[in-house]
Amino acid sequence: MKPTSLLPAALGLLFCDAIAAQTPATTTAPKPASGSAKTATKPALATATKPAAVAAPQSHPTLEVTKQALRVLRDECLACHKPGKAKGGLLMHQREKLLEGGENGAVVELGQAQKSLLWQVLKDEGDAHMPPKKQLSAAQIQSIADWINLKAPWDASVFDEAPKPRVVALKELPKTLQPVLALALSPDQKQLAVARANRVQLVALDQPNRPLLASLGDQTEAVSAVAFSRDGKWLLVGGFQKASLWELASRQKKLELRAELLGPINALCFSADGTAAYLADGEPNSAGFIRQFNLQNASLQATWKAHDDSILSLRLNTKGDLLLSAGADRMARLWQCSTRTLKGTYEGHTNHVAGACFNADATQIATAGADRELKVWDVASREQDASLGDKRVSFSALDWSPDGKTLAAATDKGGLYLHSDIKKHDGAQRSETSKERKLPPCGQPITTVVISADSQWVYAGSFTGTVQVYNAAKGLLEGELKL
Ligand code: HEC
């Protein structure tokens, strides 16, 4: 399968680049490119709809063996044997599917590990060796054998648990690679936070020539996400397996958020009152989790599996009671913050959903995907209200102005589209569902976009390290920020 969108693949590479000394083969998870196009097969949703239940303490031996074995399948095999990517025709996300076997028939002989292909492929002399580029430990192989011998009992809750993070040593980004992966506007619209390479640069938008005010950060890896608190006093900064909280007045780091986070923090936001942070983490090609941290003491308050693949976008509504997530599993999902329960799934994209945002009063959401679709949905009914654009460009970023008037969608080829006067699709021509304006292309692969509260200005960050400034009111590309 080849990537349909250049950007996610490039980001995958970036984070591979950021990881220098790989841990020995036995503990390094296979790292598939994150940008693979998805096939049209629908992923299993059942397991992603509930926050992972806290497992009651259990000492039952069968249950322990089951969990151990299923964790091996989940962490070492599922990436290549799941809906949408069933290598060898073999699926492992459900017991029935696993027992159905692959292209060459059954792979599990219940009660007989020695006769089961699922076990045979794990041995180092295995013919079709699995996982293809790695040798599992003797303990992992034994757990699979024990489990097959117990007739392969199942415990679906294992698939909702967050796996253990990989141990990685981070390497400095090459000097030639200074990508802008995230942007955030301060609530008073006076500052732009630019996540560029391993730092956050603060730009004064209310001064002539938009000077650089400060450069924050102490991390080695790329900053993958950035957000202002609603009072404008704090900044959340995403990294690899961690995030940090910075106080803007003192420009000091106040907290580090860790707790076994997985992969890069692709998206994050503050709770409305600023006492909590929501982070989206996950390894490429594996489940995406949402974490809730207490910002008084940096403790992890909750973890739930939100998507079957990486989460690429996370937003809080104005009221502060709903979280909107979207990701590489082609879904957007709405969560009730207080209970962390799923309120709705917005399903219809056929490739990564790069961005999802609320309108001003959270009655609608918009989603933009690598499938060239820009959709507007009714939050309550989950019906699609409108499909915007001409379906010729694959989207990489999205923002909706806080006044709800303008939707800004960017592409990884440097295109920028503004939509206003969005109407419900009533069977009329596609072009009539909104007023579309195309701004002059910047020629850079845009990774992130923000639009000002008054819809006058648009800022677009690129993988090559630039931030383009568009005067949306005049329809002009003004130029690049000096960073
Ligand atoms: C990086 C991708 C990848 C991972 C990870 C992976 N597999 Fe596979 N698997 C494949 C591919 C590709 C095939 C089919 C081609 C082949 O047989 O080599 C396959 C085929 C199989 C088959 C044979 C299916 C049949 O009917 O012929 C079995 C059994 C299997 N895998 C088990 C596993 C187990 C168990 C794990 C985890 C320990 C695992 N795989 C992890 C890619 C993967």
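The following paragraphs lead through a predicted model, from its overall make-up to its sheets, one residue of a helix, and the surroundings of its ligand.

The chain has 483 residues, of which 47% count as buried, and its secondary structure consists of 5 helices and 30 strands. Among the contacts in the chain with a separation of 6 or more, 52% are made by residues that stand 24 or more positions apart.

Confidence should be kept in mind while reading the model. The mean pLDDT of the chain is 87, and 86% of the residues reach 70 or more. Over residues 16-58, however, the pLDDT is below 50, although the model gives this stretch 93 contacts beyond near neighbours in sequence. Residues 1-10 likewise stay under 50 in pLDDT, and for them the model has 33 contacts beyond four places in sequence.

We turn next to the strands. In general, the strands of a sheet pair through backbone hydrogen bonds, either parallel or antiparallel. One open sheet in this chain is formed by 4 strands in the order 7-8-9-10, with antiparallel pairing. Strand 7 (225-228) and strand 10 (252-257) stand at its edges, and because each has a single partner strand, one side of each is left without a neighbour in the sheet. Averaged over this sheet, and with direction ignored, neighbouring strands are turned by 20 degrees against each other. Within the sheet, strand 8 (residues 234-238) pairs with strand 9 (residues 243-247) in the antiparallel sense over 5 bridges, and Leu 236 stands opposite Leu 245 of strand 9.

Another open sheet is built from 4 strands in the order 27-28-29-30, and here too the pairing is antiparallel. Its edges are taken by strand 27 (446-451) and strand 30 (476-480), each of which has a single partner strand, so that one side of each lacks a neighbour in the sheet. On average, and again ignoring direction, neighbouring strands of this sheet are turned by 25 degrees against each other. Strand 28 (residues 457-462) and strand 29 (residues 467-471) run antiparallel and are joined by 5 bridges, with Gln 468 in strand 29 as the bridge partner of Ala 460.

A further antiparallel pair consists of strand 21 (residues 374-378) and strand 22 (residues 384-388), which are joined by 4 bridges; in this pair, Val 376 stands opposite Ala 386 of strand 22. The two strands form a hairpin with 5 residues between them, where Arg 382 takes a positive phi near 65 degrees.

Among the helices, helix 5 (residues 138-149) contains Asn 149. This residue counts as partly exposed because it has 16 C-beta neighbours inside 10 Å, whereas a residue is called buried at 20 or more and exposed at 12 or fewer. Beyond its neighbours within four places in sequence, Asn 149 is in contact with Gly 111 and Ala 113. The C-alpha atoms of Asn 149 and Gly 111 are separated by 3.8 Å, although the two residues are 38 residues apart along the chain.

The last stop is the ligand, which is surrounded by 23 residues, the closest being Cys 77, Cys 80, Lys 87, Gly 88 and Gly 102. The elements that contribute two or more residues to this shell are helix 2 (61-77) and helix 4 (117-120). Sorted by class, the shell has 15 nonpolar, 5 polar and 3 charged residues.

How values were computed:
Residues are numbered from 1 along each chain as its sequence is written. This is a predicted model: local features need pLDDT of at least 70, side-chain atom pairs count only at pLDDT 80 or more; totals for chains, interfaces and linings use all residues. A residue is near a molecule or strand if its C-beta atom, placed from the backbone, lies within 6 Å of it. Ala, Val, Leu, Ile, Met, Phe, Trp, Tyr, Cys and Pro count as nonpolar, Asp, Glu, Lys and Arg as charged, and the others, Gly among them, as polar. pLDDT is the predictor's confidence in each residue, from 0 to 100. Two residues are in contact if their C-beta atoms, placed from the backbone, lie within 7 Å. Two strands pair if DSSP finds at least two bridges between them. Axes are lines fitted to C-alpha atoms, for helices over the stretch in contact, and angles run from 0 to 180 degrees between N-to-C directions.
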